[in-house]
Amino acid sequence: MFFHQYILPSATKTGGYLTGAPLKIMEAVNAIFNILCTGVFLVALFACVLVYSSRVLKSQGISQGVYLSFIFILQIFIALLFLWAIPIPFVKLIKYPETEPFVRWAFVSISVLIYFYLRPHSEKRGFFTAFYHLAIISLGWVINRWLGLIFFTLPLLGIFYYVLHLISHSIIPASNPEDKAERHQRFLIFLSYVWGVQMPMWNVVTTNNYQTADKKIDGKSSSNMFPGKSNNRRSLFPGLIHTDSHQVAGILRGADFRVEGPGVIFTDGEDTPFEIVDLRNKAKKNEKEKPIHAFSQEGIPITAEVSVAFRIDRDEAQQVQVHQVGQVNTPPRKVKENHRDVPSLTFPYSKDKVEKALRLRSRQFKANNETTTERWEDQVLQTAEQAAREVLATRKVKDLWQARENPHSDASAEIAASIKGLIETPLRKNGIQIFSAKASGFKFTNAGEKDDEVIAQQIQTWGVERKRELELLLANTQSKIDRIEQDARVNAQSILLSAIMEGLEHARQHHQGADQEAIARVYLDALRDMIEQQADSHHESEAISALKKAEAEYFKNNG
C-alpha cells in the first residue's frame, strides 16, 4: 500500500486516476493474497519442520533425531523473532505506515546480497543474479503488491528461467540428451552456476601419459537441509564429471568410493574423482633408463626391459543390457544390486571389475610437500617386472637367446609365456585381463666397479664354463665333419669303382677283337693322367689308390 499511499492519488481524491470501485477491488484482492500467502507460508514452514524431523528420526535414531529437530525448530523461531523485532528502532524514527515491512525487506535483501558477494567461487555471478531478482520483486511489489508480483515479476522471472533452461541444454554436456532426468540435472548444474552456488565441475585431461580429472570450475557443496536415506542428495545442486566413451571415473566419498561413467557423471556432496580408468587396451613398458635388474640361473647379473599389454576385464558374460548411459548416471529410486554392469557399449565394462582394479593400488599421498599418485596400471607393470625376475632366474644365460623347450621355437616366446602364466590368474582376480607380458633387451651389467668383486668372479666362472662348453661343441662338430667326410669318401670310391667297371665292360663289348687287357690299361692310364692334372696331392693319392684298387679288381675278375 506504500506505492498507492505516497505515489498514486487516492481513489477518494478528486482528479484521481482510479475510481473507487476498481481500487477497492484491487485492495480486496491484495488482502486475500495476504491471507493466502501467510497461510501458505505457515503451512510450508510446518511441513518443512515435519519432513525434516521425520527424516532425521529415521536416519539418526530417536534420541539424536529429537535433538536435531529441536535445534532446527529453535533456529527457525530465532530467525522469525529477529525478523519481527528488527524494525522496532526504525519505526520510532521514521513515522510512515510502511516503514516496518520496508525495513524487513531491506534487511533481507542486504543479507542476501552480502551472502552471495562473499560466497567462495561465486565470482560475483550470484551477487548480480540475486540483485536482479530482488530488483524485479521489489518493482513488482511497488507496482501493486501481490498483483504486481503476479502480472509483472513472475512473467519476467519465467522468461529468465526458460532462457536458462534452453542455454543449459546447449552448454552442459550430455550422455543421453533425450533423458528427462538427465536434462533436469543439467539444468540444475547451469542454474547453480548462474547463482554462484555450483559444485565442482571436472573434465578429463591427459598428463604424462596418464588420464586425470582436471577441475575446470571450482565450487562448494550447498548442503541439503533434508538429510535422509542414502539415495537422497546431500547437496542442493549436483556437480559434474565429464568423461569420454572409453573412460570411467573412480569417485571418492570419505573412506568409500564408487565407479561411474562413461559420459556425464553427476556428483553429490564431497564427491571427488580420484582416478580415471581407460577401458581401452593398454600397453606399458618400463623406461630404458630404468630397466629391471635380475640374475640368471648361474647368478650372472643382467638387465631387461619389460612390457605388458592389458585392459580392464570385460567379462562379457556378466554384461546386463538394461540401461542406457544416461540412466546409469541417474538411476531410478529402486535399483537392483545385481544390475551393476554397464550395457554393451563401445567399451563395455563391469563396475565390480573396475573397483577390484582400483583396490589393487590406486591412492594419493604426500611426500616432501609433493603429491604422488600410485595408479593401478603401474601396479600391473610392477607385477610383470617381478614375474620377469623370477622367470629369468630359472634360465641360464644361453637360454635367454636359445629356446630351451622347443629347438624350433624362440626363446623370447618361451620367456613371455612363462611371465604371462605367472601373472595372468592373480591379475584376473583383480579385474585385469592380460594379453601379453614379455622381457627383452637383455644386457650384462658392468662389472669391475666398487663392491662388484663377487659379480666379476661369477662372470669369470661362467666364462670358463662357457669356454669348456664351446671346446666340447667344437670337438663334437669336428667329429661329425670327419664322419661325414669318411662316409663321402667311401661313397665316392664305390661310385668310382662302379663307373670304371662299367666303362671297361662297355669297351670290351664294342671292341671284342681287340686286346682287352691293352684297352683296360689305356683306359686306366687316361684316368690316372686326368687325376694327376685336376686333383691336389691329398685327393690325388686317394683317387690313385681307388684307381689301383679298381685296376686290381678288374684284372682279377677278367684274369
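These exercises work through a predicted model, from the whole protein down to one strand.

**Exercise 1.** State how many helices and strands the protein has, and what share of its residues is buried.

Solution. Begin with the elements: the protein contains 14 helices and 13 strands. Next, take the burial, where a residue counts as buried under 20% relative accessible area. Of the 559 residues, 35% are buried.

**Exercise 2.** Find the area that the protein exposes and the share supplied by carbon and sulfur atoms. Then find what part of the contacts with a separation of 6 or more joins residues 24 or more positions apart.

Solution. The exposed area is about 34200 Å². Carbon and sulfur atoms supply 59% of that area. For the contacts with a separation of 6 or more, 59% are between residues 24 or more positions apart.

**Exercise 3.** Decide whether strand S4 is mostly covered, and identify the strands it pairs with.

Solution. Locate S4 at residues 247-253 and check its burial: 5 of its 7 residues are buried, so the strand is mostly covered. Then look for partners. Strand S7, residues 272-278, runs antiparallel to S4 and is joined to it by 6 bridges. Within this pair, Leu 252 lies opposite Thr 272. Strand S5, residues 256-260, also pairs with S4 in the antiparallel sense, over 5 bridges.

**Exercise 4.** Describe the hairpin of S4 and S5.

Solution. Start from a bridge: Arg 253 has Asp 256 in S5 as its partner. Then examine the turn, where 2 residues lie between the strands. In this hairpin, Gly 254 takes a positive phi near 70 degrees.

Notes
Residues numbered from 1 in each chain as written. Predicted model: local features only at pLDDT ≥ 70, side-chain atom pairs only at ≥ 80, totals over all residues. Heavy atoms only, no water. Helix = DSSP H or I, 4+ residues; strand = E, 2+ residues; numbered from the N terminus. Buried < 20%, exposed > 50% of the residue type's maximum accessible area, 1.4 Å probe, protein only. Contact = heavy atoms within 4.5 Å. Areas by Shrake-Rupley, 256 points an atom, 1.4 Å probe, with all protein chains shown as cover. Pairing = 2+ DSSP bridges.
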